Amino acid sequence: MLIALRFAALTLTALTLGMSFAHVLEMPAKLAYPPDLYVALQNSLYVSFGPPNMGAFVEPGAILAVVILAYLVRRRRPAFWLTVGAAFCLLLAFPVVFFIFTEPANAVFHAARPASVPADFAGYRSQWEYSHAARFVLQLGGFGLLALSILIRPRAAHSELSPYTGGAIRTQRERSYSAPSQ
């Protein structure tokens, strides 16, 4: 079950990261668009990103999977703290940055039409674009911490290291369970 949840958390976080990376890649071109074209794109290009479409469920699903994963690995200290860090980054990206910066700009652009551009168009455009860039950075950090939490292996206890080779040696407990030598 742990492997399946790790896979789900990584996949959902990667999909979330992909959506925010798309915004970052589009940003230079969109900042140069005239206001009427920008508003038209905002109201047509991102329809699948929000409710009731699939994009609206990916990010909360990623957060939920990472939080559950943190609970399940709570006794594996290196993995636990990295997973908690990943959850923290994802939770900052959504809901904090999203609802404080992105959603207010979304509301303004959804109410606007190409013929009726918002009064503070440049401010809302910057708010929307740069909040997505911030979300991308947070999600990239979350994905990186999550990947590390899965890849990292606990180090052997100091008493288990050979002073001659620096490698792990079998402990007395492991030797007591091994098959007898012949």
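Reader: In the structure above, where is the place of asparagine 43?
Author: This is a predicted model, in which local features need pLDDT of at least 70 and side-chain atom pairs count only at pLDDT 80 or more, while totals for chains, interfaces and linings use all residues. Residues are numbered from 1 along each chain as its sequence is written, and side-chain values use heavy atoms, with hydrogens and water left out. With helices (DSSP runs of H or I, at least four residues) and strands (runs of E, at least two) numbered from the N terminus, asparagine 43 has its place in the loop between helix 2 (35-42) and helix 3.

Reader: Is asparagine 43 buried, partly exposed or exposed?
Author: The classes are set by relative accessible area, with buried under 20%, exposed over 50% and partly exposed in between (1.4 Å probe, protein chains only). Because its relative accessibility is 26%, asparagine 43 counts as partly exposed.

Reader: Which residues is asparagine 43 in contact with, leaving aside its neighbours within four places in sequence, and how far apart in space are asparagine 43 and alanine 112, C-alpha to C-alpha?
Author: Taking contact as heavy atoms within 4.5 Å, and setting aside neighbours within four places in sequence, asparagine 43 is in contact with Phe109, His110, Ala112 and Arg113. Asparagine 43 and alanine 112 are 69 residues apart in sequence, and the C-alpha to C-alpha separation in space is 8.6 Å.

Reader: Is arginine 6 buried or exposed?
Author: Arginine 6 is found in helix 1, and, apart from its neighbours within four places in sequence, its contacts are Leu69, Val73, Arg76, Ala79, Ser149 and Ile150. Because its relative accessible area is 14%, arginine 6 is classed as buried.

Reader: And phenylalanine 57, is that residue buried or exposed?
Author: Phenylalanine 57 has its place in helix 3, with a C-alpha 9.7 Å in space from that of threonine 16, although the two residues are 41 apart in sequence. Because the relative accessible area of phenylalanine 57 is 56%, the residue counts as exposed.

Reader: How far apart are the end C-alpha atoms of helix 4?
Author: The expected span of a helix is 1.5 Å times one less than its number of residues. For the 35 residues of helix 4 this gives 51 Å, which agrees with the separation of its end C-alpha atoms, 48 Å.

Reader: At which residue does helix 4 bend by about 65°?
Author: The bend at a residue is the angle between axes fitted to the seven residues ending there and the seven starting there. For helix 4, the bend of about 65° is at phenylalanine 98.

Reader: Which residues does a cis peptide bond with omega of about 20° join?
Author: One cis peptide bond, with omega of about 5°, joins proline 51 and proline 52, and proline 52 lies in the loop between helix 2 and helix 3. Proline 95, by contrast, lies in helix 4, and the cis peptide bond with omega of about 20° joins phenylalanine 94 and proline 95.

Reader: For the chain as a whole, what share of contacts between residues at least 6 apart in sequence joins residues at least 24 apart?
Author: The chain has six helices and zero strands, following the pattern α-α-α-α-α-α when read along the sequence. Of its 182 residues, 34% are buried. Among contacts between residues at least 6 apart in sequence, the share that joins residues at least 24 apart is 73%.
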